[in-house]
Amino acid sequence: MMDLQLSDSNFRRHILLQYLILFQYLKGQVKFKSSNYVLTDEQSLWIEDTTKSVYQLLSENPPDGERFSKMVEHILNTEENWNSWKNEGCPSFVKERTSDTKPTRIVRKRTAPEDFLGKGPNKKILMGKEYMPTLEEFFEEAIEQADPENMVENEYKAVNNSNYGWRALRLLARRSPHFFQPTNQQFKSLPEYLENMVIKLAKELPPPSEEIKTGEDEDEEDNDALLKENESPDVQRDKPVTGEQIEVFANKLGEQWKILAPYLEMKDSEIRQIECDSEDMKMRAKQLLVAWQDQEGVHATPENLINALNKSGLSDLAESLTNDNETNS
């Protein structure tokens, strides 16, 4: 039976390999090896001679005996380095640099632009964390130009200025949830996209304050206030939600935005996009409501939002929104 097993080249290779592993353990400096395994000089010489014979037999053993023999020798030599590293207490491979050898880094400073907004020295606002303009300040001129009553020709509009367009994109990316909101609209040019964004912002941002009010303006405000007082809560709830209402309700909705999303007919891809755009729960809630507002248009009313909240099981928030709506009316 033994003769039959030895006729198998794989079996012979397996036995010879075990000999090499055993010989390396007996010869090697292993930290926790028993003192009984210390070899005499005669035993060490015998192991060296036998190891050479084993490698010779491995190289003659098919298939690819010579290649296999060299590969085994390389692996066992690597194992010796591994044993030495463990015997030394596994020191770190990372060498710390001394303070003298650390390379010096050249710091280049850019001069800041003289006029970020392009409206004179009084409007000098930089695109840094402390000096970034608000949406109202930056888009005030563009919103005025977009109003058809002002009859501003396209070639004179700020959105057609390439420098203005570049700054507008950077500001929208930092301050407006519309920038990261997916849309089915296709824009052929940057001015066309900015024109669309300006129209959206004009609906959300508060109107510019006026320092001087005429008597006619005051009369109009009184009439508007009187009409608003006479409007019933049902009429108020049929009007589209405002940017201020979205801001207030998004803070209340918070981390529950994902429960409401399917009931506002948001697709899974749109929900994933909102999750990727921001980690802040209040910002995600605001992006959801803004996306719903863009999707529904004039039908994005408090009444429809309250119905969606009730269907999603968020009745407490629905009641809170109802109370807020009645208070504002």
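User: Are Lys-70 and Glu-66 buried or exposed?
Analyst: The model is predicted: local features need pLDDT (the predictor's confidence in each residue, from 0 to 100) of at least 70, side-chain atom pairs count only at pLDDT 80 or more, and totals for chains, interfaces and linings use all residues. Numbering runs from 1 along each chain as its sequence is written, and side-chain values use heavy atoms, without hydrogens and water. By relative accessible area, buried means under 20%, exposed over 50% and partly exposed in between (1.4 Å probe, protein chains only). Lys-70 and Glu-66 are both exposed.

User: How far apart are the closest N and O atoms of Lys-70 and Glu-66?
Analyst: Both residues sit in helix α4 (residues 65–87), four residues apart; helices are DSSP runs of H or I, at least four residues, numbered from the N terminus. Their salt bridge (a side-chain nitrogen of Lys or Arg within 4 Å of a carboxyl oxygen of Asp or Glu) has its closest N and O atoms apart by 3.8 Å.

User: Is Lys-286 buried or exposed?
Analyst: Lys-286 forms a salt bridge with Glu-247 at 2.7 Å. The pair joins helix α13 to helix α10, 39 residues apart. Glu-247 is partly exposed at 36% relative accessibility. Lys-286 has 18% relative accessibility, so it counts as buried.

User: Which helix gives the most to the largest nonpolar core?
Analyst: A nonpolar core is a set of buried Ala, Val, Leu, Ile, Met, Phe, Trp, Tyr and Cys residues joined through side-chain atoms within 4.5 Å. The largest has 27 residues, with Leu-253 and Leu-288 among those touching the most other members. Elements giving two or more residues include α10 (243–253) and α13 (281–296). With six residues, the element giving the most is α13.
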